[in-house]
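Reader: I am new to this structure. Please explain the terms as they come up.

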Amino acid sequence: MGVYGEHVLPRIIDKVCGLKATDPLRERVCAGLRGQVLEIGFGSGLNVPFYPAAVDGVTAIEPADVGWKLAAERLADSSVPVERAGLDGQSLPLDDDSCDTALTTWTLCTIPDASAALAEVRRVLRPGGTLHFVEHGLAPDEKVQRWQHRLEPLQKRLVGGCHLTRRIPEMITTAGFTIDEIDAFYEEGTPKVLGADSLGVAVAP
């Protein structure tokens, strides 16, 4: 990844994604998490303050060592045990049917093979387990879509492979999940090309 990807980018993401404007979205997406939780793209632990009381423990998948170090203070303030168990969401070091719920927040945009990661999430979730997600992706408006396609090559280079045009709901259903709840909207205070969000809950078969 180089010095920028390993040391600089995780700090930028911690600041940008840690803006107070994202707190209500994190609170919404974390509501309903329970039992043993798998979090793909744990980052610097920005979701930790929003884990509900029903969470028994969290298995964190995070490739960036710097991100994990930045999470230390948030983890120290939380009563929920969190274990970093892997670096790659595309290949989870977990048994089948070993988690009750899963969480992704602005993560599926950067995983090289997001479909493989979703298949892995489905594998480790118990039948009827839920995937809670808030992700940005392809906008509903054609004008915004055109700009997303224009800017995506630059976005991928600057933001660790982040895609702007992934069809998040379609990817989740193609992986075998049934979407139970979904809210599609433009994130307030964010350019539309970056903030076409989908927030919801999907159920594993």
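Author: What follows covers one buried residue, the sheet around it and two pockets. This is a predicted model, in which local features need pLDDT of at least 70, side-chain atom pairs count only at pLDDT 80 or more, and totals for chains, interfaces and linings use all residues. Residues are numbered from 1 along each chain as its sequence is written, and side-chain values use heavy atoms, with hydrogens and water left out.

Reader: Why is threonine 130 called buried?

Author: Buried means under 20% relative accessible area, exposed over 50% and partly exposed in between, with a 1.4 Å probe and protein chains only. Threonine 130 has 14% relative accessibility, so it counts as buried.

Reader: What does threonine 130 touch?

Author: Leaving out residues up to four places away in sequence, threonine 130 touches Asp100, Thr101, Ala102, Leu125, Val201, Ala202 and Val203. Contact means heavy atoms within 4.5 Å. Threonine 130 and leucine 33 are 97 residues apart along the chain, with 8.1 Å between their C-alpha atoms.

Reader: Which strand holds threonine 130?

Author: Threonine 130 is in strand β5. Strands (E, at least two residues) and helices (H or I, at least four) are DSSP runs, numbered from the N terminus.

Reader: How do you know that β5 and β7 pair?

Author: Two strands pair if DSSP finds at least two bridges between them. Seven bridges join β5 (residues 125–136) to β7, and the two run antiparallel. Glutamate 135 stands opposite serine 198 in β7.

Reader: What is the order of the strands in the sheet?

Author: The open sheet has seven strands in the order β3-β2-β1-β4-β5-β7-β6, with mixed pairing. β3 (82–86) and β6 are the edge strands, as each pairs on one side only.

Reader: What makes a pocket, and how much space does the largest pocket have?

Author: On a 1 Å grid over the protein atoms alone, a pocket is an open set of points with protein on both sides within 12 Å along at least five of seven lines, while a cavity is a set where a 1.4 Å probe fits but cannot get out; lining residues have an atom within 4 Å of a point. Volume is the space filled by probe spheres set on the points, which are joined across faces, edges and corners. The largest pocket has a volume of about 1300 Å³. It is lined by 49 residues, with Ile13, Cys17, Trp106, Thr110 and Val159 nearest its centre. The second largest pocket holds about 200 Å³ of space.
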